[in-house]
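Open the structure in your viewer and colour it by secondary structure. The stops below can be selected one after another.

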Amino acid sequence: MENIFFVTFSKTPKLKSIVERLFEYFGYQVPEFESDEDAVNQLELLLRKFEGSPMLLVLDDVWPGSEALVEKFKFHISDYKILVTSRVAFPIFGTPCVLKPLVHEDAMTLFRHYALLDSNSLNTPHQDIVQKVVRNCKGLPLAIKVIGRSLSHRPYKLWEKMVEKLSKGHSILDSNTELLTYLQKILDVLEDNTVIKECFMDLGLFPEDQRIPVTALIDMWAELYGLDNDGIEAMAIINKLDSMNLANVIIARKNTSDADNYFYNNHFMVLHDLLRELAIYQSNQEPIEERKRVIIDTNESKSERGLGEKQQGMMTRILSTIFRYCVKQKLQQVPARTLSMSIDETCNSYWSHIQPSQAKVLILNLRTNKYSFPESMEKMSKLKVLIVTNYNFHPSELTNFELLGSLSNLKRIRLERISVLSFVTLKNLKKLSLYLCNMSHAFQNGIMLISDAFPNLVDLSIDYCKDMVVLPSGLCDITPLKKLSVTNCHKLLALPQEIGKLENLELLRLSSCTDLEGLPDSIGRLSKLRHLDISNCIGLSNLPENFGKLSNLRNLHMTSCARCELPYSVVNLVNLKVVICDEETATSWEGFEAMLPNLHIEVPH
């Protein structure tokens, strides 16, 4: 069956968001639905286009209370079926198929695979130790996978310590709470690096079943733990978490520029919902007045009303405790260094209950068409990182941006699926990242030049901003700028003629700006430019004659630039080390190899 469609419900499903994802999955333009009823009607019309071919809609991770929402996906269409997966049985949907734990033999096979056990190795633990660990996993694949990877190639004493910990107390893992307690022992055993443990707990700050951008983690961890700005140390931690199966790294759009992978624009982390609960549970072991993180999820708090204690998981009870505390202690300051808030259209008033004056990182997870920064943000004097992500399909309009003007310590802002009407002066802002944003009004029609708003900006990243036709006025007057990344902006026609004024620019990325027709002559004045990426700029017909004046250029990415003619001045690029390109472009460069002895041409396969 080819027509299998997979949708994750999770704890707080939004009907319109689910239908939007299905439209996107089918490759159709996503409409703006007037209501949930309109979304259901248009989905039925869409599915009927495929009538005659068998279709299976998989609704994964459905929680109690979502039965009525599942019913809305039932349509009288031939050969159309729905499969619901859940932690609980729903008799209303028919006879359930209960997936039983693995039998011991299969559990041992799976554990050996993840623990990388080799019977011929001298470091392989005794069979009795392995048997005890596996039996304590009680046939649960997630527990087997995580425990196995965490013990792989570890000292024998650590195996014994794990067995000792697992043998204490109850080991029957018949509830989420017990599994959380069980998995927590992995972190208790592997406490050789507290920063890695802190970084794992930070993953719980993001919504369930959503990809976490690695670039957002780099920004957070640079300010919280002093990691490097380029993300090298952060990626080492992320790869460590991935190797332990505490999280998974995925790379989207692998066929794009290789430079994208180097700068992590396409890197994301995904977290199993139970491991997310583990991260939150671990974060909340301290008294709330001493916690480093506070998570306020208004969506989940509302969704749990009416659920019994047995139906509520560990995370639900933790969040409910935080929620009640914040409401009760209205004016008490929140001491946490990181604050994460999830907000939808129906609940936008919880700022009145907190005064997060100590927070260094603020994460806003939105599911609303419009959002206005609250007045209390002016009191966040220590804020260094602001991450605002809208999880609806269409951009959310962000207003009251001028309140940020009083935040003198704010260094990094990341916006995703956001529409900004105007900016405000932020003299100390060093990095601005815009992903899937509508910025034309703020950049072109706003009352303030970008150079006046962000005079000391060092890093500007604009990715998938579909309304970007020209770069913002005043950009070339931001002389401290070192990194400029404008990627996947398909309507971008040209760079400013004054781009040569960016005398400190070291990195320029323009990959997949397909309508870009040329580079200005002044680009030759970028004397500090070391990295240039013009991959997939299929509209480029040539490079300017002054291109050869880029005396410090080290790396040039120009895959899928077969039409782009090279000027003879490239013979002056004496410091050019690597050109990454397609075979046709490589042929053009081969004529200059004799005059550029340090040059290495790479053709990705």
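Contact here means heavy atoms within 4.5 Å. With that in hand, keep in mind that this is a predicted model. The chain holds 18 helices and 22 strands. Of its 605 residues, 54% count as buried. Among contacts between residues at least 6 apart in sequence, 60% join residues at least 24 apart.

**Stop 1: helix α11**

Select residues 232–243, which make up helix α11. At 1.5 Å a residue its twelve residues should span 16 Å, and the end C-alpha atoms are 16 Å apart, which agrees. Now show the side chains of Ala234, Met235, Ile237, Ile238 and Leu241, the buried residues of α11. Viewed down the helix axis, these buried residues fall within an arc of 160 degrees, so they line one face of α11.

What do the buried residues of α11 pack against? Add α9 (194–202), α10 (214–225), β5 (248–251) and β6 (267–270) to the selection: these are the packing partners. Then turn to the face directed away from the buried side, where the exposed residues Ile232 and Ala236 are found. Past the helix comes Asn245, whose phi is positive, near 60 degrees.

**Stop 2: the sheet beside α11**

Keep β5 and β6 on screen and add β4. These three strands form an open sheet in the order β4-β6-β5, with antiparallel pairing. The edge strands are β4 (212–213) and β5, each of which pairs on one side only. Two bridges connect β4 to β6 in the antiparallel sense. To see one of the paired positions, pick Ile212, whose bridge partner in β6 is Met269.

**Stop 3: Thr215 in α10**

Move to Thr215, which lies in helix α10. Is Thr215 buried or exposed? Its relative accessible area is 17%, and since buried means under 20%, Thr215 is buried. Leaving out neighbours within four places in sequence, Thr215 is in contact with Phe263, Tyr264, Asn265 and Arg414.

**Stop 4: helix α13**

Select residues 273–283, helix α13. Eleven of its eleven residues are buried, so the helix is largely enclosed by the rest of the structure. The buried set includes charged and polar names such as Asp273, Arg276, Glu277 and Gln282, as well as Leu274, Ala279 and Tyr281.

**Stop 5: the parallel sheet β10-β12-β14**

Next, display β10, β12 and β14, which form an open sheet in that order with parallel pairing. β10 (370–372) and β14 (418–420) stand at the edges with a single partner strand each, so one side of each is left without a neighbour in the sheet. From one strand to the next the twist averages 30 degrees. β10 pairs with β12 (residues 396–399) over three bridges. For a position to inspect, choose Ser372, which stands opposite Thr399 in β12.

**Stop 6: the nonpolar cores**

Nonpolar side chains tend to be buried together in soluble globular proteins. Here, the largest nonpolar core has 91 residues. Which of them touch the most other members? They are Phe373, Phe401, Leu404, Ile413, Leu415, Met558 and Trp589. Centre the view on Phe401: beyond its neighbours within four places in sequence, Phe401 is in contact with Phe373, Ile413, Leu415, Val420, Ser422, Phe423, Val424 and Leu426. A second, separate core of 43 residues includes Leu271, Leu275, Leu278 and Ile280. Leu275, Leu278 and Ile280 are also among the buried residues of α13.

**Stop 7: β19, β20 and β21**

Go on to strand β19 (residues 531–533) and strand β20 (residues 555–558), which run parallel and are joined by three bridges. Leu532 has Leu556 in β20 as its bridge partner. On to strand β21 (residues 578–581), which runs parallel to β20 and is joined to that strand by four bridges. Here Asn555 is partnered by Val578 in β21.

**Stop 8: Glu565**

Finish at Glu565, in the loop between β20 and β21. Glu565 counts as exposed, at 56% relative accessibility. Where does its chain come back to meet other segments? Not counting residues up to four places away in sequence, Glu565 touches Ser541, Asn542 and Leu543. Measure from Glu565 to Pro544 as well: the two are 21 residues apart along the chain, and their C-alpha atoms are separated by 9.3 Å.

How values were computed
Residues numbered from 1 in each chain as written. Predicted model: local features only at pLDDT ≥ 70, side-chain atom pairs only at ≥ 80, totals over all residues. Heavy atoms only, no water. Pairing = 2+ DSSP bridges. Axes fitted to C-alpha atoms, helices over the stretch in contact; angles between N-to-C directions. Expected span 1.5 Å × (residues − 1). Buried < 20%, exposed > 50% of the residue type's maximum accessible area, 1.4 Å probe, protein only. Arc of directions from axis to C-beta. Core = buried A, V, L, I, M, F, W, Y, C linked by side-chain atoms within 4.5 Å.
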